[in-house]
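Hi,

Here is the structure I promised to pass on. Have a look at it first, and then read on for what turned up.

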Amino acid sequence: MDVNAIVYTSATGFTRRYAQLLAQTTGLPAYAQADPAGPPTGTKVLYLGWLRAGAVRGLKGARGRWTPAAVCAVGMAPPEGVDAEGLARRNGLEGAPLFYLRGGYAPERVKGLSRAMMAVMTRSVRRSAAKGDPQAEAMLPVLLHGADWVDRENLRPVLDWLGTE
């Protein structure tokens, strides 16, 4: 695929790590979306953004500056539980490939609105876990202590699409 750069936005570092792994593997330069030295306007990029409430953060701004040829959405859910087609539709990606990457969660690094949203989620999951919900029981330690699922192997479909594997 003809992509000239990687652009990402990351709140807690997991998306940045995926962008760095992609840059190391492909030789493409990786830029934080806020980096003024990023690629020129109109450049065809691979865009990586973290998920909050089903929205790929920063995607709208990236579209205004570059041409995202594909998008990687980084979230907490196991890949088998993600409706990638629905996620692509909600983010207006019918024409560009969407790849889901499981990133991680670092509660100590979450700020602002995301922190408030996660506090509500944690209380809800704690109540469900106390009632014996197995999914909630599995999720509670992640919400309380964090987790890291970033792995180069998760990038295989992206690398295949880029033609580098």
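Which residues line the second largest pocket? Before the answer, one caution: this is a predicted model. The lining is made up of P78, R102, M121, V125, S128, D133, Q135, A136, A138, M139, V142 and W149. By type, that gives 8 nonpolar, 2 polar and 2 charged residues. Helix 5 (134–145) and helix 4 each put in at least two of them, with helix 5 giving the largest share, 5 residues. The space inside comes to about 260 Å³.

Now for the largest pocket. Its volume is about 800 Å³, and 33 residues line it. If you want to find the middle of it on screen, go to L51, R52, G75, M76 and M118, which lie nearest the centre. Quite a few elements contribute: helix 1, strand 3 (44–52), strand 5 (67–75), helix 3 (84–90), strand 7 (104–105) and helix 4 (112–130) each supply at least two lining residues. Helix 4 provides the largest share here, with 4 residues. Sorted by type, the lining of this pocket has 19 nonpolar, 9 polar and 5 charged residues. Helix 4, then, is worth colouring in your viewer, as it supplies at least two lining residues to the largest pocket and at least two to the second largest.

On to the charged pairs. How many salt bridges does a search of the whole structure find? The count is 3, and here they are one at a time.

- R17 and D148: their side chains meet with N and O 2.7 Å apart. This pair joins distant parts of the chain, since R17 sits in helix 1 (residues 14–26) and D148 in strand 8 (residues 147–148), 131 residues away. R17 has a relative accessible area of 30%, so it is classed as partly exposed. D148 is partly exposed as well, at 43%.

- E153 and R156: the N to O distance in this salt bridge is 2.8 Å. E153 is partly exposed because its relative accessibility is 45%, and R156 is also partly exposed, at 34%.

- E108 and R109: the closest N and O atoms are 3.8 Å apart in this salt bridge, and the cut-off for counting one is 4 Å. E108 has 54% relative accessibility, so it counts as exposed, while R109, at 38%, counts as partly exposed.

One last residue to look at is L155. You will find it in the loop between strand 8 and helix 6 (156–162). Is L155 buried or exposed? Its relative accessibility is 0%, so L155 counts as buried. What does L155 touch, leaving aside residues up to four places away in sequence? The contacts are Y18, L21, L22 and L101. By contrast, R123 is 32 residues from L155 along the chain, and the C-alpha atoms of the two are separated by 32 Å.

If you only have a few minutes, I would start with the R17 and D148 salt bridge, then move to L155 in its loop, and finish with the pocket around L51, R52, G75, M76 and M118.

Cheers

How values were computed: Residues numbered from 1 in each chain as written. Predicted model: local features only at pLDDT ≥ 70, side-chain atom pairs only at ≥ 80, totals over all residues. Heavy atoms only, no water. Buried < 20%, exposed > 50% of the residue type's maximum accessible area, 1.4 Å probe, protein only. Contact = heavy atoms within 4.5 Å. 1 Å grid on protein atoms, 1.4 Å probe; cavity = no way out; pocket = protein on both sides within 12 Å on 5 of 7 lines; lining within 4 Å. Points joined across faces, edges and corners; volume = space filled by probe spheres on them. Nonpolar A, V, L, I, M, F, W, Y, C, P; charged D, E, K, R; others polar.
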